[in-house]
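Q: I would like a close look at a single part of this structure, followed outward into its surroundings. Please state the cut-off behind each term.

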Amino acid sequence: MKEIIEKIKREIEEYRFDSPGSTEQFRIRYLSRRGAISLLFDDFRSVPADLKKETGKALNELKNLAQDILESNSRGSLSESAVSLNDYTRPGYPLEAGARHPISIVRNEIISIFSRIGFTVSEGPEIEDDNHVFSKLNFAPDHPARDMQDTFFISRLSDERSSVDDILLRTHTSSVQVRVMENEKPPIRTISPGRVFRNEAVSARAHCIFHQVEGLYIDTNVSFADLRQTLLFFSREMFGPSVEIRFRPSYFPFTEPSAELDVSCRLCSGKGCNVCKHTGWLEVLGCGMVHQAVLGACGIDSEKYTGFAFGMGIERIAMLKYRVDDLRLYFENDIRFLSQFRPVF
Ligand code: DAH
């Protein structure tokens with residue numbers, strides 16, 4: 001037996017791992033249940049008693065050597081693992097489940113909440129004209145939002161003529177309410193999610209690209225009470241049934257009166273904490289009754305119809321929901337961040 005052990009030792013030391021599947025062949029030839037080394041172990045029974053100790057030691061050493069050689073060759077060489085990709089008998093790698101982006105999760109939830117109370121979804125172009133982003137929304141010609149500092153212009157034709165010809169990236173999704181009013185007759189009940197663009201330096205608190213959802217409701221006899229009830233429903237569906245809301249007077253050129261909506265801070269139940277800066281309230285969105293001048297500019301009879309509108313930032317809602325307060329994380333697509341939003345099955 002001693003000679004056979006020596007022979008196999010030489011063989012495995014000189015074994016060439018140079019063909020596809022050669023590590024597997026090595027394993028089968030020497031280490032599998034019917035392999036040469038296993039068979040030697042079977043024969044060990046017939047070794048005379050006085051040689052048992054010495055032979056057993058040599059056999060164990062041979063087996064360890066074969067295992068070491070096999071191991072270093074199966075993980076050592078890249079070319080081996082590349083080649084063995086052709087080995088269709090290998091078990092597959094588990095595929096990791098993907099995760100929806102938090103902005104998509106929140107957008108879908110907003111759509112779902114408003115669709116339950118009869119709102120449709122409308123979309124409009126990201127490359128817009130001044131008319132739909134500013135003029136028809138009652139922005140004065142010298143309003144600062146039209147400034148190059150805030151708006152990405154694609155072509156600015158307004159030097160001698162009127163600014164109405166300017167082509168730009170929309171700075172808010174309110175442009176879609178103009179398009180809807182131009183094209184549809186009341187009753188109108190729609191929300192418009194989408195991407196918006198502003199010329200801002202990127203930081204934790206500001207980004208040049210972000211997402212908004214615009215809401216618009218036009219009909220006869222629509223009042224501020226309808227706006228209030230709609231947004232109360234939305235807030236409780238989104239943040240929880242015990243949430244309270246409040247309106248603060250505000251100003252937007254396209255609504256009159258205008259307000260900003262706050263929801264009570266869920267973390268401290270309104271008592272005051274770091275997240276709500278000790279006010280007990282979190283700012284959520286802007287809203288108001290659609291300005292008569294806007295209805296008129298979009299071809300809606302403002303004697304007959306009234307309406308409300310609101311606009312919210314999706315990142316803002318995601319921040320409140322997930323407490324991720326660095327905006328850049330939403331755009332970097334770092335897999336370590338995104339995988340945390342994997343659905344739990
Ligand atoms: N467009 C506004 C913004 O980007 C948000 C907004 C406020 C939209 C009030 C509205 C509204 O429809 O009524 O800041």
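A: The side chain of Glu 128 forms a polar contact with that of Arg 179, at 2.6 Å. A polar contact is a pair of N or O atoms within 3.5 Å; within protein, one atom must be able to donate a hydrogen and the other to accept it, and residues adjacent in sequence count only if both atoms are side-chain atoms. The model is predicted, so local features need pLDDT of at least 70 and side-chain atom pairs count only at pLDDT 80 or more, whereas totals for chains, interfaces and linings use all residues. Residues are numbered from 1 along each chain as its sequence is written, and side-chain values use heavy atoms, with hydrogens and water left out.

Glu 128 belongs to strand β2, residues 127-129. Helices (H or I, at least four residues) and strands (E, at least two) are DSSP runs numbered from the N terminus. With a relative accessible area of 3%, Glu 128 counts as buried; buried means under 20%, exposed over 50% and partly exposed in between, with a 1.4 Å probe and protein chains only. Leaving aside residues up to four places away in sequence, Glu 128 touches Val 133, Asp 166, Ile 167, Leu 168, Arg 170, Ser 175 and Arg 179, where contact means heavy atoms within 4.5 Å.

Two of these partners, Ser 175 and Arg 179, lead to the neighbouring helix in this account. Helix α8 spans residues 174-183 and is mostly covered, seven of its ten residues being buried. Those buried residues are Ser 174, Ser 175, Val 176, Gln 177, Val 178, Val 180 and Met 181. Their cover includes β2 itself, together with α7 (130-133), β5 (188-197), β6, α10 (292-297) and β10.

Ser 174 also leads to the ligand: of the 15 residues around the ligand, His 172, Ser 174, Arg 198, Gln 212 and Glu 214 come nearest, a residue being near if one of its heavy atoms lies within 4 Å. A polar side-chain atom of His 172 is 2.9 Å from a ligand nitrogen. The side chain of Gln 212 places an N or O atom 3.0 Å from a ligand oxygen, and a polar backbone atom of Phe 310 is 3.3 Å from an oxygen of the ligand. The protein buries 89% of the 360 Å² that the ligand exposes when taken alone; such areas come from the Shrake-Rupley method with a 1.4 Å probe, and for residues only the protein chains shown count as cover.

Phe 310 connects this site with the largest nonpolar core, where Ile 110, Phe 310 and Met 312 touch the most other members among 44 residues. Helix α9 supplies the largest share, six residues. A nonpolar core is a set of buried Ala, Val, Leu, Ile, Met, Phe, Trp, Tyr and Cys residues joined through side-chain atoms within 4.5 Å. Beyond residues up to four places away in sequence, Met 312 touches Ile 110, Phe 114, His 211, Gln 212, Val 213, Phe 234, Val 284, Leu 285 and Ile 317. Apart from this core lies another, of 21 residues, including Val 133, Phe 134, Val 178 and Ile 300. The account thereby returns to Glu 128, whose contacts include Val 133.
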